[in-house]
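Thanks for coming, everyone. I'd like to walk through the ligand surroundings in this one. Have a look at the model first.

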Amino acid sequence: MNSVTVRVPAKVNLQLAVGPLRDDGYHDLVNVFHAVSIFDEVTATAETGMSVRVEGESADQVPENGDNLAIRAALALARHAGRSYGVNLVIRKSIPVAGGMAGGSADAAAALVACNELWGLGLPLDDLLEIAADLGSDVPFALLGGTAVGTGRGERLTPVEVSGTFHWVFALADGGLSTATVYAECDRLREATGEQVAWPRAGESLLTALRDGDAKALGGELANDLQPAAVMLRRSLARTLDAGREHGALGSLVSGSGPTCAFLAGSEAHAAELAASLRGAGVAREIITAYGPVPGPTVVQRARREGTG
Ligand SMILES: C[C@@](CO)(OP(=O)(O)O)[C@H](O)COP(=O)(O)OP(=O)(O)OC[C@H]1O[C@@H](n2ccc(N)nc2=O)[C@H](O)[C@@H]1O
Ligand SMILES: Nc1ncnc2c1ncn2[C@@H]1O[C@H](COP(=O)(O)OP(=O)(O)O)[C@@H](O)[C@H]1O
């Protein structure tokens with residue numbers, strides 16, 4: 001095969017419980033990841049050397065060099081295989097950049113899956129998960145998709161049982177927030193208020209709501225310890241979250257480190273209605289609907305160049 005295209009979803013965090021700051025600069029988490037139907041696409045084409053091009057939504061904010069997480073993933077995979085493979089990656093972005101929806105991690109996961117096939121490595125998921133954890137805390141979940149609890153930095157995953165489909169509305173903000181800055185602001189706020197930081201625990205009622213497919217119960221259990229920090233850094237998010245509550249969302253929260261805000265609806269029709277109300281309220285750059293959980297990286301196209309391989 002000369003080229004492989006993989007479609008990969010964004011995530012929203014249903015619960016993000018942030019424990020104390022560790023000596024290595026990370027925080028122990030309970031991170032309930034949920035993959036939603038907003039997708040990037042990554043096409044990997046056999047080539048000598050490594051290159052990347054980014055197209056689509058906010059492409060100008062994504063590096064087209066060795067800093068790109070997808071290229072770093074391809075390099076890590078080649079290193080793992082002990083060979084100097086080459087690849088050209090084309091990333092078509094729809095996931096908001098630096099939006100707290102793990103777009104970079106998604107592209108890295110897609111690159112691992114695409115290059116694993118392109119180079120005929122046939123590595124099992126466990127090997128890819130190990131490489132993923134070195135690339136970033138969110139990359140292992142991006143390989144898995146669905147709904148899962150992440151512990152440690154968020155890289156140790158246990159899949160969660162979910163019934164049915166949940167319907168979401170996302171409010172996309174102008175500009176992003178840096179993940180490291182939001183964690184640092186969370187630490188600063190905790191120190192300023194003298195808050196005792198508890199060891200993070202998964203919410204039992206949240207897991208029950210997921211298992212029962214109960215959107216109303218889930219809406220009441222959504223929780224994000226990074227939300228106060230994100231709102232402190234981007235004050236306008238308070239109004240966006242209020243608007244969701246005022247217009248009948250079953251639950252509202254900042255997605256991960258933000259600034260995207262997520263609103264849970266009771267049905268597809270309710271999500272469409274809520275999205276229209278939020279557009280009318282003018283509280284975000286763009287309002288979109290999506291559903292979850294959805295599967296992780298999926299190969300959507302394989303192509304062979306004529307006269308080769
Ligand atoms: C907050 C979350 C929620 O899922 O994602 P986003 O909402 O930004 O997408 C994650 O914890 C982000 O994961 P990811 O974006 O992969 O972070 P990494 O590259 O591993 O780390 C970036 C920086 O975030 C901080 N960090 C990350 C993970 C963690 N458990 N504790 C931390 O303190 C550290 O300052 C680290 O240097
Ligand atoms: N393939 C990529 N897609 C998006 N951002 C990337 C990528 N590679 C590197 N980055 C950088 O990573 C940062 C975080 O981006 P992203 O993963 O979209 O957000 P978040 O960490 O908030 O979920 C951005 O500032 C961007 O410049």
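I'll take ligand 1, then ligand 2. Keep in mind that this is a predicted model.

Start with ligand 1. Which residues come nearest to it? They are His 27, Ser 137, Thr 179, Tyr 183 and Ser 257, out of 21 residues around ligand 1.

Now the polar contacts. Ser 137 puts a polar side-chain atom 2.6 Å from an oxygen atom of ligand 1. Asp 138 does so at 2.8 Å, again with a polar side-chain atom and an oxygen atom of the ligand. For Ser 257, the distance from a polar side-chain atom to an oxygen atom of ligand 1 is 2.6 Å. How much of ligand 1 does the protein cover? On its own, ligand 1 has 690 Å² of accessible area, and 83% of that is covered by the protein.

Next, the site. Ligand 1 takes up the space of the largest pocket. Three elements give two or more residues to its shell: strand E1, 3-21; strand E2, 27-46; and helix H5, 179-193. E2 gives the most, with 4 residues. Let me break the shell down by class. We have 8 nonpolar, 10 polar and 3 charged residues around ligand 1.

Where do these residues come from, in terms of domains? Domain 1 (3-160) and domain 2 (166-292) each contribute at least three residues to the shell around ligand 1.

On to ligand 2. Its surroundings come to 20 residues. The closest are Ala 98, Gly 100, Ala 102, Gly 104 and Asp 107.

Here I have backbone contacts to show you. A polar backbone atom of Ala 98 is 2.9 Å from an oxygen atom of ligand 2. For Gly 99, a polar backbone atom is 3.4 Å from an oxygen atom of the ligand. Gly 104 has a polar backbone atom 2.8 Å from an oxygen atom of ligand 2. As for cover, ligand 2 has 540 Å² of accessible area on its own, and the protein covers 77% of it.

What kind of site holds ligand 2? Ligand 2 sits in the largest pocket. Strand E4, 87-93, and helix H2, 103-118, each supply at least two residues of its shell. H2 gives the most, with 3 residues. By class, the shell around ligand 2 has 9 nonpolar, 8 polar and 3 charged residues.

To recap the contacts: for ligand 1, I showed side-chain atoms of Ser 137, Asp 138 and Ser 257. For ligand 2, I showed backbone atoms of Ala 98, Gly 99 and Gly 104.

Notes
Residues numbered from 1 in each chain as written. Chains lettered and ligands numbered in written order. Predicted model: local features only at pLDDT ≥ 70, side-chain atom pairs only at ≥ 80, totals over all residues. Heavy atoms only, no water. Near = heavy atom within 4 Å. Polar contact = N/O pair within 3.5 Å; in protein donor to acceptor, adjacent residues only side chain to side chain. Areas by Shrake-Rupley, 256 points an atom, 1.4 Å probe, with all protein chains shown as cover. 1 Å grid on protein atoms, 1.4 Å probe; cavity = no way out; pocket = protein on both sides within 12 Å on 5 of 7 lines; lining within 4 Å. Sits in = over half its atoms within 2 Å of the grid points. Nonpolar A, V, L, I, M, F, W, Y, C, P; charged D, E, K, R; others polar. Domains from an automatic or database assignment.
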